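Biologist: I would like to learn how to read a model of two chains, feature by feature. Could you walk me through one?

Modeller: Gladly; let us put it on the screen and begin where the chains meet.

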Amino acid sequence: MPYHYSIASRVYVFKDLKTLLAKASPLRSGDALAGLAAEGFEERIAAQLALADLPLKIFLNEAVVPYETDDVTRLIIDKHDKEAFAPISHFTVGQLRDWLLSEQADSATLQALAPGLTPEMVAAVSKLMRNQDLIAVAQKCSVVTRFRTTVGLNGCLSTRLQPNHPTDDPKGIAASIIDGLLYASGDAVIGINPASDSPAAVSTLLHMIDDLREKYQIPTQSCVLCHVTTALQIIQDAPIDLVFQSIGGTEKTNQSFGITLNILQEAYEAALALNRGTIGRQVMYFETGQGSALSANAHHGVDQQTIEARAYAVARKFDPFLVNTVVGFIGPEYLYDGKQIIRAGLEDHFCGKLLGLPMGADICYTNHAEADQDDMDTLLTLLGVAGCNFIMGIPGADDIMLNYQSTSFHDALYLRKVLGKKPAPEFDQWLLAQGILDEKGQKLPLRPNHLLLA
Amino acid sequence: MKKKQYSKSVEPDPWQSLKTYTDARIALGHTGGAIPLKEVLQFKLAFAHAKDAVYSELDWPKLEQRLEQLAIPYLKLHSRASSRSVYLQRPDLGRSLNEASVASLKKMPSAETDIAIVLADGLSATAINQHALPLLQRLLPLLQKANFQIAPIAVVEQARVAIGDEIGHLLGTQLVMVLIGERPGLSSPYSMGAYLTYAPLPGLTDEKRNCISNIRPEGLPYEMACQKLYYLIQESLRLKLSGVDLKDNTTNLFLP
């Protein structure tokens with residue numbers, strides 16, 4: 001169905017919902033690469049004006065990717081909770097934006113609303129929001145998850161300790177883990193991206209982290225971010241806490257990742273059956289990122305931010321412990337510079353949280369993007385204010401295996417300090433007992449014969 | 001009266017010995033919660049090298065001088081990406097040749113060849129400036145000794161890997177090898193990759209290629225890269241394929 005908006009004597013026509021959403025998107029290189037971006041400044045605002053007047057109900061009747069050929073669309077439509085949607089069913093997208101910022105939309109109300117929202121509604125409203133709106137609303141959303149630690153509590157900021165090594169050398173990885181733990185990192189997960197996806201190599205690393213965790217009684221969980229099918233192969237013998245997978249917002253994108261919803265379901269059930277969590281049973285860890293569908297030529301003419309929000313519908317099905325966007329990893333052809341990366345990071349965090357996901361962020365960039373560590377400091381601070389559940393902790397922010405820059409152990413100390421946040425409570429107790437942090441969260445000087453260095 | 005003086009604030013980490021196990025930036029120390037300035041500046045220096053690599057250009061005088069010593073003709077080509085800024089945002093334009101380049105390839109006298117070699121700036125022209133000729137000086141004698149017919153060498157600016165498919169196709173060769181500057185990392189700003197495609201044709205995707213990456217003296221040294229490539233080239237021409245079906249059975253021999 002076409003949508004129209006007139007400005008002075010000029011009539012803008014948007015031939016369908018996905019075109020309207022794409023043209024209303026704040027500019028980013030990926031949409032331009034796909035030929036979907038608005039052609040001028042005025043067209044973008046015309047699309048936003050038209051989108052603001054669009055009733056939310058339209059999203060339940062017009063799919064951006066056909067229901068018949070895409071299992072993510074079927075998941076979104078079939079799982080939509082009409083009762084939860086009822087209180088806002090009379091709103092337009094613009095009215096939803098104004099309401100989200102109002103005092104009526106408090107934490108409990110937003111939590112109850114989440115199952116009534118579809119990814120496309122959330123993506124649409126985000127396109128009408130300024131950065132401060134994305135922060136203000138996300139901060140009101142509370143999504144708390146549990147395995148051995150509690151992640152996402154108000155006043156807490158957790159980190160994934162990411163101790164990657166170019167050849168998966170266990171000693172090299174262990175050195176980075178020790179460094180991270182002594183800098184109070186790792187309460188969301190100790191998560192390694194393996195250089196090799198071979199079951200034997202993955203298993204070796206899983207045993208190494210698990211032994212370390214047991215030896216020092218560290219209240220956290222581990223993950224080797226191998227392909228989900230590799231995890232399924234070794235799940236009976238290897239100590240798997242969380243099952244990881246990269247996911248996308250269309251069936252074809254997921255195909256390009258070598259997965260289906262059924263494979264994810266199988267992995268979810270297998271991980272649940274291990275019953276390794278001590279205080280909770282959330283066992284899945286997902287990563288996403290704008291641009292993955294376009295790079296797999298699987299975007300169906302839908303803008304990259306809307307597709308990204310659809311990936312959250314996939315994540316939501318499996319009650320994950322952690323979800324994070326890897327926001328600047330994909331490169332400048334999708335997010336060109338610091339400005340675009342910052343905007344995308346705030347959008348992804350907002351959309352995920354509003355849909356009820358435990359969102360974290362890999363605040364990052366590659367060397368061929370127009371971004372640097374100052375941009376990461378900005379996004380880090382903004383996401384901290386927005387209540388992001390967790391960020392990455394990488395030695396010196398420099399990942400020597402994946403060759404990109406993210407956030408460091410020190411960055412988390414900075415953010416906790418300026419915002420008065422603490423690590424997850426279980427981990428915080430351990431840090432205190434180990435003499436790593438004091439009660440105010442200050443880093444304590446360590447003896448050379450500290451237990452972890454023995 | 002003695003004037004008050006503040007003490008130095010950087011706290012070193014007592015686990016410096018762990019640095020022997022990894023090149024990761026561990027045991028940086030801290031001042032408050034922050035990274036000490038010395039380490040911040042080391043990071044910025046590595047980043048500066050990586051950024052300079054992204055914007056580096058092919059060093060024509062040096063390349064031409066050394067290409068002439070190879071006694072194989074060479075061609076200068078350009079992709080459809082007119083500048084680095086366009087190149088970074090439009091990978092599609094970096095994958096195909098501009099009109100002048102297509103015309104100059106079409107003017108070439110036709111000759112049956114086994115292999116075409118493409119030097120592409122990619123994301124680090126410095127990598128090509130440093131490593132392409134030393135590798136070719138080792139590889140070409142092996143190929144010539146085995147009586148493989150070699151097409152003129154194409155040197156392309158603002159190019160991505162897949163541009164080799166168009167060049168190989170226009171040259172009518174059996175196998176194309178693209179040497180290209182890889183995306184710079186902080187620890188390896190000048191690293192070169194080599195990609196092989198049998199029966200090159202525009203539109204082929206990555207699963208049709210074999211790749212050897214991290215070619216540089218501190219990574220995969222020239223001699224080892226040369227042996228791996230020579231093995232893969234022979235096997236590709238013998239089996240008439242490349243990509244996931246062509247296994248690099250030499251891998252274990254050369255792992256350090």
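**Reading the interface**

Modeller: Here 37 residues of chain B are in contact with 43 residues of chain A. Keep in mind that this is a predicted model.

Biologist: How much area do chain B and chain A bury between them?

Modeller: About 3,100 Å², with 61% of that on carbon and sulfur atoms.

Biologist: And how many salt bridges and polar contacts cross the interface of chain B and chain A?

Modeller: The rule finds 2 salt bridges across that interface. It also finds 12 residue pairs in polar contact there, both partners being at pLDDT 80 or more.

Biologist: Which helices of chain B each supply at least two residues to the side that touches chain A?

Modeller: Those are α1 (37-54), α3 (84-89) and α4 (91-94) of chain B. The most comes from α1(B), with 5 residues. Sorted by class, the side of chain B that touches chain A holds 20 nonpolar, 9 polar and 8 charged residues.

Biologist: How do I read a single salt bridge, say the one between B:Arg25 and A:Asp398?

Modeller: Begin with the distance, then ask where the partners sit. The side chains of B:Arg25 and A:Asp398 meet at 2.7 Å, N to O. This pair joins two chains, because B:Arg25 lies in the segment before α1 of chain B and A:Asp398 in strand β13 (residues 398-399) of chain A.

Biologist: Is B:Arg25 buried or exposed?

Modeller: The cut-off for buried is under 20% relative accessible area. B:Arg25 has 17%, so it is buried. A:Asp398, at 5%, counts as buried too.

Biologist: Which salt bridge could we study inside chain B?

Modeller: Try B:Asp165 with B:Arg209, whose closest N and O atoms are 3.0 Å apart. B:Asp165 is in helix α7 (residues 163-171) of chain B and B:Arg209 in strand β6 (residues 209-215) of chain B, so the pair ties together parts 44 residues apart in sequence. B:Asp165 counts as buried at 1% relative accessibility, and B:Arg209 is buried at 8%.

Biologist: Which residues do salt bridges with shared partners join into one network?

Modeller: A:Arg148, A:Asp210, A:Arg213, A:Glu214, A:Asp241 and A:Arg276. Within it, A:Arg276 and A:Asp210 meet at 3.0 Å, N to O. A:Arg276 sits in the loop between α15 and β9 (284-288) of chain A, and A:Asp210 in helix α12 (residues 199-215) of chain A, 66 residues apart. A:Arg276 counts as partly exposed at 25% relative accessibility, whereas A:Asp210 counts as buried at 9%.

Biologist: Now helices. Why does the span of helix α8 (residues 222-239) of chain B agree with what it should be?

Modeller: Compare the expected length with the distance between the ends. At 1.5 Å a residue, the 18 residues of α8 of chain B should span 26 Å, and the end C-alpha atoms are 25 Å apart, which agrees. Just after α8(B), B:Lys240 takes a positive phi of about 60°.

Biologist: What caps the N-terminal end of α5(A)?

Modeller: A:Asp70 does: one of its side-chain oxygens lies 2.9 Å from the backbone nitrogen of A:Val72. Within α5 (residues 71-78) of chain A, the buried residues include A:Val72, A:Leu75 and A:Ile76. The buried residues of α5(A) pack against α9 (119-127), α14 (251-256), α15 (261-274) and α17 (304-317) of chain A.

Technical notes. Residues numbered from 1 in each chain as written. Chains lettered and ligands numbered in written order. Predicted model: local features only at pLDDT ≥ 70, side-chain atom pairs only at ≥ 80, totals over all residues. Heavy atoms only, no water. Contact = heavy atoms within 4.5 Å. Buried area = accessible area lost by both parts, 1.4 Å probe. Salt bridge = Lys/Arg side-chain N within 4 Å of Asp/Glu carboxyl O. Polar contact = N/O pair within 3.5 Å; in protein donor to acceptor, adjacent residues only side chain to side chain. Helix = DSSP H or I, 4+ residues; strand = E, 2+ residues; numbered from the N terminus. Nonpolar A, V, L, I, M, F, W, Y, C, P; charged D, E, K, R; others polar. Expected span 1.5 Å × (residues − 1). Buried < 20%, exposed > 50% of the residue type's maximum accessible area, 1.4 Å probe, protein only.
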